[in-house]
Amino acid sequence: PVRVGLTLRYNLSDRWAIESGVTYTKLSSETSLGNSANYYDERTTLHYIGLPVNAVYNIWQSRRLTVYASAGAMVEKSVSGGVRTDYFVNNDRINTMRSDISVKPLQWSVNAAAGVQYNFSRWIAIYAEPSIGYHFDNSTKIETLYNERPLDFNLGVGLRFTLR
């Protein structure tokens, strides 16, 4: 998956903070079936908007550097999706079919992370954050990476805006 987002952090104390924001995730997969000359290629793409909420604990901090751990949950809603299927006979594409798909149930997940951030100022920082997440079964009949491999590892990198 490819995920981008905007995160806002609110400091409750020197050690504790909560953060939330909005994310966009693109899931895509490719399937090919047939032999070397006669086959079809299918590409599925799903787009999600997510709302994460995390509790953050600052393990160590200086004026410019912060090391932290966080844990939380996220809910995502599929906002669009599609399937493109290309059919090949004797290695020549003879047909392309497109169809829209929709995942109706919400996708819930939990996550934990450890990270380091460099503070440009009191309000703006850049961060790197390896994390682990688990996506719960949402009973959809559409196969996604979330239900094929519910446990995933990520590396988040980006800008963070802090309030207070």
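# A guided tour of the predicted model

The protein has 1 helix and 8 strands, where helices (H or I, at least four residues) and strands (E, at least two) are DSSP runs, numbered from the N terminus. This is a predicted model, in which local features need pLDDT of at least 70 and side-chain atom pairs count only at pLDDT 80 or more, while totals for chains, interfaces and linings use all residues. Residues are numbered from 1 along each chain as its sequence is written, and side-chain values use heavy atoms, with hydrogens and water left out.

## The whole chain

Begin with the whole chain in view and follow the elements from the N terminus on, where they run β-β-β-β-β-β-β-α-β. The radius of gyration of the protein is 20 Å, well over the 15 Å that the globule rule gives for 164 residues, so the protein is more spread out than a compact globule; this radius is taken over C-alpha atoms, and the globule rule is 2.2 Å times the number of residues to the power 0.38. If you turn the model along its principal axes, the C-alpha trace spans about 65 × 30 × 20 Å.

Next, switch on the surface, which comes to about 10,100 Å² of accessible area, 60% of it belonging to carbon and sulfur atoms (Shrake-Rupley method with a 1.4 Å probe; for residues, only the protein chains shown count as cover). Buried residues make up 32% of the 164 residues, where buried means under 20% relative accessible area, exposed means over 50%, and partly exposed lies in between (1.4 Å probe, protein chains only).

## Strands β1, β2 and β3

Now select residues 2-11, which are strand β1, together with residues 16-34, which are strand β2; the two pair in the antiparallel sense over 10 bridges. Two strands count as paired if DSSP finds at least two bridges between them. A hairpin joins β1 to β2 through 4 residues, and if you select Gly5 you can look across to its bridge partner in β2, which is Thr23.

Add residues 39-61, strand β3, which pairs with β2 in the antiparallel sense over 17 bridges. Here too a hairpin makes the link, joining β2 to β3 through 4 residues, and the bridge partner of Trp16 in β3 is Tyr57. While these strands are on screen, it helps to recall that in a regular strand the side chains alternate between the two faces of the sheet.

## Thr44, Leu46 and the core

Which element holds Thr44? Thr44 lies in strand β3, and it counts as buried because its relative accessible area is 12%. Leaving aside its neighbours within four places in sequence, Thr44 is in contact (heavy atoms within 4.5 Å) with Leu27, Ser28, Ser29, Gly82, Val83 and Ile101.

Move on to Leu46, whose contacts, not counting residues up to four places away in sequence, include Leu27, Ser78, Ile101, Val103 and Thr144. Leu46 also belongs to the largest nonpolar core, which has 7 residues: Leu27, Leu46, Tyr48, Val83, Ile101, Val103 and Tyr146. A nonpolar core is a set of buried Ala, Val, Leu, Ile, Met, Phe, Trp, Tyr and Cys residues joined through side-chain atoms within 4.5 Å.

## Salt bridges

A search of the whole structure finds 7 salt bridges, each being a side-chain nitrogen of Lys or Arg within 4 Å of a carboxyl oxygen of Asp or Glu. Select Arg160 and Glu19, which form one of them, with the closest N and O atoms 3.3 Å apart. Arg160 lies in strand β8 (residues 151-163) and Glu19 in strand β2, so the pair ties together parts that are 141 residues apart in sequence. Are Arg160 and Glu19 buried or exposed? Both are buried.

Next, select Glu30 and Arg43, whose salt bridge has its closest N and O atoms 2.6 Å apart. Glu30 lies in strand β2 and Arg43 in strand β3, so this pair ties together parts that are 13 residues apart in sequence. Glu30 counts as exposed at 63% relative accessibility, whereas Arg43, at 35%, counts as partly exposed.

## Strands β4 and β5

For the last stop, select strand β4 (residues 65-89) and strand β5 (residues 92-100), which pair in the antiparallel sense over 8 bridges. The hairpin of β4 and β5 has 2 residues between the strands, and in it Asn90 takes a positive phi near 50 degrees. Asp86 has Thr96 as its bridge partner in β5, and the side chains of Asp86 and Arg84 meet in a salt bridge (3.2 Å, N to O). Asp86 is buried, with a relative accessible area of 10%, while Arg84 is partly exposed, with 31%. Finally, select Arg9, Glu19, Glu129 and Arg160, which salt bridges that share partners join into one network.
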